[in-house]
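Subject: Structure for you to look at

Hi,

Here is the structure I promised to pass on. Have a look at it first, and then read my notes below.

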Amino acid sequence: WGHRIPAWYCDDCGEMTVTTEEKMASCPKCGSLRLRQDDDVLDTWFSSALWPFSIMGWPDETDDLKTFYPTSVLETGYDILFFWVARMIMMGLECTGNIPFHTVYLHGMIRDESGEKMSKTKGNVVNPLDVMEKYGTDALRFTLATGSTPGNDMKLSMTRVEASRNFANKIWNAARYIKQKAESRKQKVTGSEETGKHDAQSSMLHALPDRWILSRYNRLCQSVNELMRDYQFGEAGRQIEDFLWGEFCDWYIEMSKIRLYQGTEGDNQPAEALPPGPAHDDPLPVLLHILEGTLRLLHPFMPFVTEEIWQQLKDEWGNRPYDAVIIAPYPQADASYFDDEAERQMGLIMDIVRSIRNVRAEFTVDPARQIEAVIAAGREFDLLANQIDVVATLARLDRRRLVLQPTVDSKPKQALTLVSGDVEVYLPLAGMVDLEAERARLQKEISSTHQDIERAEKLLANPGFTTKAPAAVVEKERQKLSEGHDRLARLQERLRALSGDQ
Ligand SMILES: [Zn+2]
């Protein structure tokens, strides 16, 4: 493969002639017609050096050549900087008078899980086709695009590819939920940009979660565009994932369920059976708006799943002047949606829910069990009163035993105290756990943690270990010790709370 060497040998006089003509009719020395062209081809990099303009029809002045030469950015690996990049520039200057691109983006090399260079003899080569077959093409692409920083080598770990596959599934499930709700309500968004403007003007009508997610989404658009301009593609992809998974799916969608099932929690009444609430309290337009925009943001990183979802939901997007994500404009931030106060308020609500969830996890409270809570909300009383549905549902609080007041005169006994900003949440333990069993469990854990700490301390006090063992092993042991101390403090605090000393 390549350009055949333009050298001709004369069978009669042995003369060798190099020519710029494609064919040579006769020997320039003896006139013989018995000529042979060299069988070999030029070095592969010679042909590759011509690539930026030869594929555009050069030397003819084609439209393609005029449009696409010179281009802007070349993306390649640093290992062929001299072989390829330097030669393209030399050939470009020589043949066209122009360099072929103004910027070269160098990605790192893909290495195996342990950082070794992939090679056939070592047998550690990962075949991308096998990975795509097992986890999906988008999962591999997303892993490669987000797992690297410019110029740095990357270790390809299958655990990360699997996590990317899970991310693709997460978006798919979120879209399926939104599609189902949209179809059942026959709710449509009319024209994204127009709706966006309308939403911004009537933002006072929006519920707090709407103002929050619209603000977060537009900040994401701003940040991703800046990162893309700065060639920080990996960071851009990571931020889109964090937003989609961490904010949109885990919080906004969960909160939207509360509004879509207005007050029916617990009695299993499907949302479809209810009349839609007032327009400003319907999360569907915002769900659709954010999903549509994030599909466009994510498209360069996960082209297949985003396009498939977009096409399936096409009828719900309303009037879009384009037929596919791939030709849709990249979303830009609309600063009129930025809302610091909504972000602060939602941040507080999320912090409260998170800390209650942490306690539930620590005491292994049955997820279905609704627990008692007393909330002293201070100057955040109005906010908490407005968002009490969200807090109660997401933290699974028992409404009949939920007290919300600006201040609480006497703290409940044998209760945990959680502090989020100005808000104090008291969780009486009796309603949450079997006190006797929990006390016994904690005592057992405390004694086993004591033993772990002693073991680590003994080991680290032994010079035979600290000087002879690999540094990483010693470091790991130190880390275990410090984790043990943290754990012990936490367990002892829980035990104190249980005994009512708090
Ligand atoms: Zn000759």
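S420 stands opposite V423 in strand 11. This is a predicted model, by the way, so please read the rest with that in mind. The pair belongs to a hairpin: strand 10 and strand 11 are joined with 2 residues between them, and G421 in that turn has a positive phi of about 55°. Strand 10 covers residues 415–420 and pairs with strand 11 over 6 bridges, in the antiparallel sense.

Strand 11 also has a partner in strand 8 (residues 371–376), again antiparallel, this time through 3 bridges. If you want a place to start on that pairing, A376 sits opposite E424 of strand 11. Is strand 11 enclosed or open to the outside? Of its 6 residues (423–428), 5 are buried, so the strand is largely enclosed by the rest of the structure.

Next, the core. The largest nonpolar core has 99 residues, and F248 and M432 have the most contacts inside it. Helix 9, residues 233–260, is the biggest contributor, giving 12 residues. As for M432, what does it touch? Leaving aside residues up to four places away in sequence, its contacts are V359, F363, V365, R369, I371, L416 and L427. Three of those names tie back to the strands above: I371 falls in the range of strand 8 (371–376), L416 in that of strand 10 (415–420), and L427 in that of strand 11 (423–428).

Now for the metal site. A zinc ion is held by the SG atoms of C10, C13, C27 and C30, at 2.3 to 2.4 Å. Along the chain these donors follow the spacing C-x2-C-x13-C-x2-C. Why call the arrangement tetrahedral? Because the angles subtended by the 4 donor atoms run from 104 to 113°, and four donors count as tetrahedral when all angles lie between 85 and 135 degrees. For reference, the ideal angle for four tetrahedral donors is 109.5 degrees. Two of the cysteines are worth a look for their accessibility: C27 is buried, at 3% relative accessibility, whereas C30 is partly exposed, at 41%.

C10 also falls within strand 1 (residues 7–10), which takes us to another sheet. There, 3 strands form an open sheet in the order 2-1-3, with antiparallel pairing. Strand 2 (16–18) and strand 3 (35–37) are at the edges with a single partner strand each, so one side of each has no neighbour in the sheet. From one strand to the next the twist averages 25°. Strand 1 and strand 3 are joined over 3 bridges, and Y9 stands opposite R36 in strand 3.

Two more residues from the helices, in case you want to click on them:

- T306 lies in helix 11 (residues 303–312) and is buried, with a relative accessible area of 0%. Beyond residues up to four places away in sequence, T306 touches L295, L298, H299 and V325.
- E457 is in helix 15 (residues 435–461) and counts as partly exposed, at 38% relative accessibility. With the same sequence neighbours left out, E457 touches L481 and H485. The C-alpha atoms of E457 and E477 are separated by 8.9 Å, with the two residues 20 apart along the chain.

Over to you!

Note on methods
Residues numbered from 1 in each chain as written. Predicted model: local features only at pLDDT ≥ 70, side-chain atom pairs only at ≥ 80, totals over all residues. Heavy atoms only, no water. Donors = N, O, S within 2.8 Å, 3.2 Å for Na, K, Ca; no water. Tetrahedral: all angles 85-135°; square planar, octahedral: opposite > 155°, others 65-115°. Buried < 20%, exposed > 50% of the residue type's maximum accessible area, 1.4 Å probe, protein only. Pairing = 2+ DSSP bridges. Helix = DSSP H or I, 4+ residues; strand = E, 2+ residues; numbered from the N terminus. Axes fitted to C-alpha atoms, helices over the stretch in contact; angles between N-to-C directions. Core = buried A, V, L, I, M, F, W, Y, C linked by side-chain atoms within 4.5 Å. Contact = heavy atoms within 4.5 Å.
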